Amino acid sequence: MKHKVTRAAGTGFTHLVLGGYTLLALFPILLVIINSVKSKDGIFDSPLSLPTAETWSLVGFEKVLAKSPFIHFFGNSLTVTLVSLVLILVLGAMAAWALSEYKFRGSKLLAIYMAFGIMVPIRLGTVSILELVVKLELTNTLTALILVYVAQGLPLAIMILGEFIQQVPKELKEAARCDGVGEFKIFFQIILPLIRPAVATVAVFTMVPIWNDLWFPLILAPGEETQTVTLGVQQFIGQYVTDWNAVLASLSLAVLPVLVMYVFASRQLIRGITAGAVK
Amino acid sequence: MSQVALKNLTKSYDGKNNVLSGINLDIQDGEFVVLVGPSGCGKSTLLRMLSGLESISGGDLEIDHARVNELPPAERGIAMVFQSYALYPHMNVYKNMAFGLKIAGAKKDEIDRRIRHAAGILKIDHLLERLPRELSGGQRQRVAIGRAIVREPKLFLFDEPLSNLDAALRVQTRLEIAKLHKDLAATIVYVTHDQVEAMTLGDKIVVMHDGHIQQAGSPLELYQQPANLFVATFIGSPKMNLIDGIVTEASAAGVSVKVAGDQIVRTEVDGSGIAIGDKVSVGIRSEHLWEGDAGSERFHGTVNLVEHLGEANYLYLTLENGQDVVVRGDGERAVHIGDTIALSAPAAAFHVFNRDGLALRRLKPGNMVAARHRTTG
């Protein structure tokens with residue numbers, strides 16, 4: 001009896017902590033969304049209150065969608081993120097397969113080299129990257145961003161996917177080889193479907209930093225044509241005057257794609273994380 | 001028609017130490033060959049060399065008189081059934097069986113025909129739409145075998161296919177594999193560490209130990225005329241009793257051995273290659289040591305332990321001369337720990353092994369049970 005009570009208390013406490021953390025994490029987002037549909041006065045008078053009939057205003061969204069090239073920025077962000085994501089996942093999974101399946105001269109060294117990429121933040125190399133991009137005449141192109149993001153995302157992707165690929169039983173590959181299946185087909189038709197949860201996990205983990213990145217767009221592609229959402233938002237933030245309606249509205253919009261991605265990937269994501277955890 | 005010949009095959013991982021060496025074996029068309037041995041003896045490695053999953057370090061492997069050493073698995077015309085079944089988890093049973101054929105470029109209706117046929121044989125027609133995780137262990141095993149059948153291979157390779165099944169299912173599946181072998185007239189190489197599986201399934205049993213073939217022959221040959229000490233103790237359960245002794249008399253018609261306690265044991269083996277005074281081991285199977293004095297060679301022993309199996313008792317005894325032996329006794333008879341009982345065995349039932357562990361030829365192998373009925377009846 002007493003045991004039951006302590007257990008109930010334990011679960012209660014767990015839920016309390018989790019709930020508290022959720023609140024903490026969601027609060028800023030909620031604040032942004034609430035205030036994005038209020039008038040300027042509403043925002044400044046009582047930033048924490050819900051929009052009333054008086055303060056309700058969509059002026060921010062009007063400004064963002066109608067009077068600025070926001071849609072264009074959005075497109076840039078989407079292009080950069082999706083192309084990088086696809087490249088990271090395909091190249092990362094293939095590299096992970098190669099590193100874990102084939103033992104060749106220098107494969108260990110190569111794996112360590114990749115692991116190094118996780119430890120050293122890519123921003124440390126910003127100056128060299130900029131020089132390189134200038135020499136390649138890729139400044140103010142989305143290609144430059146994509147290349148940098150692929151380099152940034154690959155090490156972690158290879159590491160995580162490699163772990164999962166190693167868990168695929170050896171016999172499956174051998175059975176496939178007995179069936180006469182080629183190595184590429186083994187990878188795409190047997191290995192890849194089996195590590196789908198891991199791929200979803202890696203997708204989310206790599207997508208969010210790319211979508212949110214301000215650093216590289218600011219340095220490599222600050223031109224009007226190639227601005228991403230995070231950079232585009234900055235135009236509403238001035239040294240003296242900040243258009244809070246527009247900033248909050250564009251931030252609310254920028255949250256959307258990540259949210260959609262989470263909803264779609266969440267089930268796979270949880271499986272991926274836990275599968276990795278209990279290994 | 002498919003014949004397989006292994007000619008002096010060797011396997012080495014580091015180029016220096018051979019894990020397998022001097023493997024010579026002929027497999028006839030339609031033969032069921034069982035590779036058996038303790039774990040680490042190289043039997044699975046040998047199977048994987050046949051399949052092409054493991055490279056061959058030396059010697060020749062021929063299938064249908066063509067050297068296949070360097071061919072990849074798919075081109076050797078083999079199909080393998082794995083211990084863990086290795087079904088593709090994300091494909092249903094039908095797709096699992098169709099996958100290899102599709103890769104090989106078979107026509108759709110041909111694939112369908114073969115799958116329906118195999119499913120019919122294995123009685124898995126109703127499972128074709130299921131995923132592997134929705135199947136029981138026995139069903140998965142059938143699907144794995146089905147996947148091998150649809151490829152219509154020259155040679156089936158089984159890698160301990162029954163060891164993941166429970167005891168009852170194992171016996172049932174064993175019978176089905178035997179039946180399948182008859183129906184398909186397939187050539188099969190089957191790896192197991194279970195000697196009962198080996199004895200019941202094999203046309204030919206290959207006993208392996210330490211990377212060498214110890215003996216290859218029919219199940220009864222191995223049981224009645226084991227070539228050496230290893231095979232003698234490996235085949236048969238409980239293990240053959242071994243008694244050390246010194247030869248006192250040797251001729252082509254028989255050998256007499258003096259064992260502990262100065263008892264002389266007369267054996268009917270060909271003693272041509274052995275001299276008086278040689279150290280030998282005398283072997284007698286537990287089922288050939290009888291309670292009572294029906295046999296010519298007699299012993300007395302004290303019971304230490306009794307295992308009741310129902311149809312028989314395994315009696316663990318210490319003989320008067322201090323030697324421990326196991327006897328398969330009548331299950332109906334009450335025997336108590338501490339009892340002293342009389343034992344006997346006919347001279348023909350003994351095996352004799354020389355100092356190098358090699359067996360001397362028995363003159364009258366087999367028919368021990370008939371001999372007992374003759375003497376007692």
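**Exercise 1. Find the strand that pairs with β16 of chain B over 7 bridges, and look at the turn between the two.**

Step 1. Start at β16 (residues 297-308) of chain B. Strands here are DSSP runs of E with at least two residues, and helices are runs of H or I with at least four residues, both numbered from the N terminus.

Step 2. The partner is β17 (residues 312-319) of chain B, and the two run antiparallel over 7 bridges. Two strands count as paired if DSSP finds at least two bridges between them.

Step 3. Pick out one bridge: B:T302 has B:T318 as its partner in β17(B).

Step 4. Now visit the hairpin, where 3 residues lie between the strands and B:G310 takes a positive phi near 100°.

A word on conventions: this is a predicted model, in which local features need pLDDT of at least 70 and side-chain atom pairs count only at pLDDT 80 or more, while totals for chains, interfaces and linings use all residues. Residues are numbered from 1 along each chain as its sequence is written, and chains are lettered from A and ligands numbered from 1 in the order in which they are written.

**Exercise 2. Which residue stands opposite B:G301 in β19(B)?**

Step 1. β19 (residues 340-345) of chain B pairs with β16(B) in the antiparallel sense, over 6 bridges.

Step 2. Within this pairing, B:I341 faces B:G301.

**Exercise 3. Work out the strand order of the open sheet of 5 strands in chain B, and explain its edges.**

Step 1. The order reads β13-β12-β11-β14-β20, with antiparallel pairing.

Step 2. β13 (263-267) and β20 (351-353) of chain B each have a single partner strand, so one side of each lacks a neighbour in the sheet.

Step 3. On average, neighbouring strands of this sheet are turned by 40° against each other, direction ignored. The axes behind such angles are lines fitted to C-alpha atoms (for helices over the stretch in contact), and angles run from 0 to 180 degrees between N-to-C directions.

Step 4. For a closer look, β12 (residues 254-259) of chain B joins β13(B) through 5 antiparallel bridges; B:V257 has B:V265 as its bridge partner.

**Exercise 4. Describe the side of chain A that touches chain B.**

Step 1. The contact takes 14 residues from chain A and 17 residues from chain B. Residues are in contact if their C-beta atoms, placed from the backbone, lie within 7 Å.

Step 2. α8 (170-178) and α9 (183-194) of chain A each supply at least two residues of this side. The largest share, 6 residues, comes from α8(A).

Methods: Two residues are in contact if their C-beta atoms, placed from the backbone, lie within 7 Å.
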